[in-house]
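Got your viewer open? Here's a quick tour, one selection at a time.

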Amino acid sequence: MISQWYEPETGSAAHPTAIARGLQARGHQVRVLTGFPSYPQGRTYDGYRMRLRAHETRDGIELLRVPDVPSHDQNALRRALTLTSFAVSATAQVGWLRDADVVLTYLSPATVGLAAMTLERLRGVPYVLYVQDLWPETITASGFLPGDRLNDAAETVIHRGLKRLYRRAAGTAALSPTMARTIGERGTVVEPVSIPNWVDEEIFAPAAPPAARALPEGRTWMMYAGGMGDVQALDHGVRALARLSARPDIGLAFVGDGVARERLERLSAELGVTDRVLFLGSRPMTDMPGLMAEAAAQLVSLKDLPLFRGTIPSKVQAAMACGSPIVCAVAGEAADVVTRAGCGIVVAPEDEVSLAEGFVAMADMGSDDRRRMGDAGRRAYVETYSAAAGTERLEQLLLSAAGRRR
């Protein structure tokens, strides 16, 4: 497996880590080529030192960590260096996987595909893509690059590279049917399949609130847990709270970190809602189910961009697995999942009025109705989005691809 992100990182690393463990539990030998942990702070974790290569074993899974230039701020050049430096390092050392039957490439970011394609060309090792983000849209539509001319140039270059990557893949999975169809239209030989993300079920399950509560009592709390970037459109959450001056019983708690945190803290101060908007910082993954149980519902939010309409953020599955209701401010596939499962309230993305109404509706429905909503989400997760269901489908795709090894 090749993934830029892996445990002990949180957020983006949770799913690839869960995939590796799930495949190992089904009897497969799994090795992971990955980077040194730096997400989301943008600096190497304590206990690690950036070097040419480092071997590590976690839960019986062998890892090879290779260097990159860590950065997770808003500077486009530094972020580009983070993505391309890992791609170069992984490609230079991808020979470590030369004896693999098949390579699962966790395609977030898309630059990770360079290493897999190089190994396939040089050693004939087939690769399967597990696509998490649509590129180049993720880069161009999110404002990562300044200026139309630079966006157009980047889009042309990325499209050409991805066309070759898709065409040579022995299999492709995407996290939603819409995304799978879109990728299929871009030149895959093997028809892409939809395999929604799942979560680490040893961690994410219904839990009781901890004895030492993080959220003050006396309010009904909504919670956002995860990376705090620009694409999450979290300023609308703060503005929604500011509109609810007549409802001081409703609060919003942010758990996590990212480039948008300081701006959100300033905004909450400017709007005078610092008593009702809390920033709890990053917490260990193992603490999350208990923290989530303190809140009435989990907020899932993204900008209203076409590329996100085929996306199901993993926060949806995490909330469902924990039996937590959802306030979903995402259009498209994510909204459909929440609606079908009956596990939350769907509101218009980037619309603080609609979001404020959603917060009020969730607070006013009462704990029994919220519990029934959470139970519905838990049932839907087990039936459709669980690790057992997802790992089995991914395993079949990998086994089929392994038969193509030259």
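Start with strands β4, β5, β6 and β7: these 4 strands make an open sheet, in the order β4-β5-β6-β7, with parallel pairing. Now pick out residues 103-107 (β4) and 193-194 (β7). Those are the edge strands, and each has a single partner strand, so one side of each has no neighbour in the sheet. Keep in mind as you click around that this is a predicted model.

Next, move inward and select 127-131 together with 171-174. The first range is strand β5 and the second is strand β6, and 4 bridges hold the two in a parallel pairing. For a handy register mark, label Val 128: the residue standing opposite in β6 is Gly 171. If you're showing backbone hydrogen bonds, strands of a sheet pair through them, either parallel or antiparallel.

On to another strand. Select 220-225, which is β8. Is β8 mostly covered or mostly open? Colour by accessibility and you'll find that 5 of the 6 residues in β8 are buried.

Who are the partners of β8? Add 250-255 to the selection: this is strand β9, which runs parallel to β8 and is joined to β8 by 6 bridges. Label Thr 220 and you can look across to its bridge partner in β9, Ile 250. Then bring in 297-301, strand β11, also parallel to β8 and joined to β8 by 2 bridges. Here the pair to label is Met 222 in one strand and Ala 297, its bridge partner in β11.

Keep β8 and β9 on screen and add helix α7, residues 235-243. Together, β8, α7 and β9 make up a β-α-β unit, and its hand is right-handed.

Time for a look at the surface. Select Val 69, Leu 77 and Leu 81, which make a nonpolar patch of about 270 Å². Zoom in on Leu 77, which sits in helix α2, residues 76-92. Why does Leu 77 count as exposed? Its relative accessibility is 62%, and the cut-off for exposed is over 50%, so Leu 77 qualifies.

Finally, clear the selection and zoom out to the whole protein. The secondary structure adds up to 14 helices and 13 strands. The radius of gyration is 21 Å, close to the 22 Å from the globule rule for 406 residues, so the protein is as compact as a globular protein of that length. Along the principal axes, the C-alpha trace spans about 65 × 45 × 45 Å. Colour by burial one last time: 55% of the 406 residues are buried.

Note on methods: Residues numbered from 1 in each chain as written. Predicted model: local features only at pLDDT ≥ 70, side-chain atom pairs only at ≥ 80, totals over all residues. Heavy atoms only, no water. Buried < 20%, exposed > 50% of the residue type's maximum accessible area, 1.4 Å probe, protein only. Pairing = 2+ DSSP bridges. Right-handed = clockwise from strand over helix to strand, strands pointing away. Patch = residues over 30% accessible without salt bridge, like charges linked within 9 Å, V, L, I, M, F, W, Y side chains within 5 Å. Areas by Shrake-Rupley, 256 points an atom, 1.4 Å probe, with all protein chains shown as cover. Salt bridge = Lys/Arg side-chain N within 4 Å of Asp/Glu carboxyl O. Rg over C-alpha atoms; globule rule 2.2 N^0.38 Å.
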